[in-house]
Amino acid sequence: FVSLSTKYNSAIGTIGNLSFGFDTGKFIEQNDIAFMDYKHFYGNETPIGSSSDYNKQFNLLPYYEYSTRKSYVEYHIEHDFKGFLINKIPVLNKTRYSLVLGFHQLTVQDKSTYQEYSIGLNNFGFGKFRPFRIDYFRSHKGGAFKDHGIILGIKVLDLIQK
């Protein structure tokens, strides 16, 4: 098995943060590989997200549907506007919420390409207690939109560190 992955995160002036995650891999020898040794992707089948970093996971992907012993490419792009858009709207500018847009794609040999689109609010909460993120996800597979759902993200590590 050979793989290459990278992550990139950069502030873009006052427009917010752009995050990018990329991972690709290939099994050199594909015979006699046990299922537990396949490449398994970080999917989610619950309405709860526990990571503050959505650039390594799919929020509507069933856990083992795309597990593979063949080549794959996955990437995640997310932009957190850090208040750039919401701060321009009266009343909403007092909430201190942050609009987040995302796109996630998984390509596995011999399977249809899986994609997720997302829009959400980060920094959700009240006062100084803001460990939540709420996102709407829509999945696209085989040339058609499939599932959709709302994910309530809880930044667990942020709660522990405070």
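Colleague: Which side chain makes a polar contact with the side chain of Glu-74, and what earns it that name?

Modeller: The side chain of His-76, at 2.8 Å. A polar contact is a pair of N or O atoms within 3.5 Å; within protein, one must be able to donate a hydrogen and the other to accept it, and residues adjacent in sequence count only if both atoms are side-chain atoms. The 2.8 Å value is within 3.5 Å, so the pair qualifies. This is a predicted model: local features need pLDDT of at least 70, side-chain atom pairs count only at pLDDT 80 or more, and totals for chains, interfaces and linings use all residues. Residues are numbered from 1 along each chain as its sequence is written, and side-chain values use heavy atoms, leaving out hydrogens and water.

Colleague: Where is Glu-74?

Modeller: In strand E4, residues 72-80. Strands are DSSP runs of at least two residues, numbered from the N terminus.

Colleague: Why does Glu-74 have no salt bridge?

Modeller: A salt bridge needs a side-chain nitrogen of Lys or Arg within 4 Å of a carboxyl oxygen of Asp or Glu. The nearest side chain of opposite charge, Lys-39, is 4.5 Å from Glu-74, so the rule is not met. Glu-74 is buried all the same.

Colleague: What makes Lys-39 and Asp-23 a salt bridge?

Modeller: Their N to O distance is 3.4 Å, so the pair passes the rule. Lys-39 is in the loop between strand E2 (17-26) and E3, Asp-23 in strand E2, 16 residues apart. Both are buried.

Colleague: Which residue forms a salt bridge with Lys-141?

Modeller: Glu-65, with the closest N and O atoms 2.5 Å apart. Lys-141 sits in strand E7 and Glu-65 in the loop between E3 and E4, 76 residues apart.

Colleague: Why is Lys-141 called buried, and what is Glu-65?

Modeller: Buried means under 20% relative accessible area, exposed over 50%, partly exposed in between (1.4 Å probe, protein chains only). Lys-141 has 19%, so it is buried. Glu-65 has 32%, so it is partly exposed.

Colleague: How do you know that strands E7 and E8 pair?

Modeller: Pairing takes at least two bridges found by DSSP. Strand E7 (residues 129-141) and strand E8 (residues 144-154) have nine, in the antiparallel sense. One bridge partner is Gly-153 in E8, for Arg-133.

Colleague: What is the strand order, and which strands stand at the edges?

Modeller: The open sheet of eight strands runs E1-E2-E4-E5-E6-E7-E8-E3, with mixed pairing. Strands E1 (2-11) and E3 (48-49) are at the edges: each has a single partner, so one side of each lacks a neighbour in the sheet.

Notes: Helix = DSSP H or I, 4+ residues; strand = E, 2+ residues; numbered from the N terminus. Lys, Arg positive; Asp, Glu negative; His and termini not counted.
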